[in-house]
Amino acid sequence: MQYENKILLHSPYEIEGVKKTGEFTRDDKYSVEYYENKIDSSTVRWINDCEFVLKSLNNQSSIHFKILETTATNYTFEYTNASRDSKKKLIVKKGVATRND
């Protein structure tokens with residue numbers, strides 16, 4: 001996966017019923033997320049053109065993303081924890097990321 005430059009995107013999310021928005025940039029190797037006055041960085045491992053895994057540099061947790069649909073200004077995705085525990089139910093969530101132009 002090759003990128004000409006980094007693009008700032010934002011994505012709404014919800015924690016305990018409170019709606020929030022995070023921003024992030026991503027290139028072919030790293031993703032930097034900005035949320036709740038924090039910065040979190042992850043490595044990016046592309047599986048194919050529509051799937052990738054983010055592995056946090058801070059706590060080594062991993063999230064698997066699938067891009068479901070794209071337009072000129074946004075993309076719809078679903079994500080789940082990449083480290084699966086057979087004792088826990090697999091939870092898949094959906095989101096939308098939009099360019100900040």
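**Exercise 1. Follow the strands around E33.**

As a warm-up, T25 stands opposite V32 in strand 3. The model is predicted: local features need pLDDT of at least 70, side-chain atom pairs count only at pLDDT 80 or more, and totals for chains, interfaces and linings use all residues. Residues are numbered from 1 along each chain as its sequence is written, and side-chain values use heavy atoms, with hydrogens and water left out.

Task: work out how strand 3 pairs with strand 2 and with strand 4, then place E33.

Solution.

Step 1. Strands here are DSSP runs of E with at least two residues, numbered from the N terminus. Two of them pair if DSSP finds at least two bridges between them. Strand 2 (residues 18–26) runs antiparallel to strand 3, over 4 bridges, and the two form a hairpin with 3 residues between them.

Step 2. On to the next partner: strand 3 and strand 4 are also paired in the antiparallel sense, over 6 bridges. Their hairpin has 2 residues between the strands, and E36 there takes a positive phi near 45 degrees.

Step 3. E33 belongs to strand 3 (residues 30–35), and its bridge partner in strand 4 is D40. With a relative accessible area of 23%, E33 is partly exposed (buried is under 20%, exposed over 50%, partly exposed in between, with a 1.4 Å probe and protein chains only).

Step 4. Contact means heavy atoms within 4.5 Å. Leaving aside neighbours within four places in sequence, E33 is in contact with residues including F24, D40 and L54. From C-alpha to C-alpha, E33 and G22 are 7.1 Å apart in space and 11 residues apart in sequence.

**Exercise 2. Find the core.**

Task: which residues make up the largest nonpolar core, and which strands each supply at least two of them?

Solution.

Step 1. A nonpolar core is a set of buried Ala, Val, Leu, Ile, Met, Phe, Trp, Tyr and Cys residues joined through side-chain atoms within 4.5 Å. The largest one has 10 residues: F24, V44, W46, F52, L54, F65, I67, Y75, F77 and A97.

Step 2. At least two core residues come from each of strand 4 (38–48), strand 5 (51–56), strand 6 (62–70) and strand 7 (74–81).

Step 3. Take L54 as an example. Beyond four places in sequence, L54 touches residues including R26, E33, V44 and F65.

**Exercise 3. Classify the rings.**

Task: the structure holds 6 aromatic pairs; is the pair of F52 and F65 stacked or edge-to-face?

Solution.

Step 1. Rings of Phe, Tyr and Trp (its six-membered ring) pair if their centres lie within 6.5 Å; planes under 30 degrees apart are stacked, over 60 edge-to-face, and the rest tilted. F52 and F65 are 4.9 Å apart centre to centre, with 10 degrees between the planes, and are stacked.

Step 2. F52 is in strand 5 and F65 in strand 6, so the pair ties together parts 13 residues apart in sequence. F52 is buried at 1% relative accessibility, and F65 is buried at 10%.

Step 3. Compare F77 and Y79: their ring centres are 5.9 Å apart and their planes at 40 degrees, so this pair is tilted. F77 is buried at 6%, whereas Y79 is partly exposed at 27%.

Step 4. W46, F52, F65, Y75, F77 and Y79 form one aromatic cluster. Finally, the charged end of R26 sits over the ring of F65, 5.9 Å from its centre (NZ of Lys or CZ of Arg within 6 Å of the ring centre and within 35 degrees of the ring normal).
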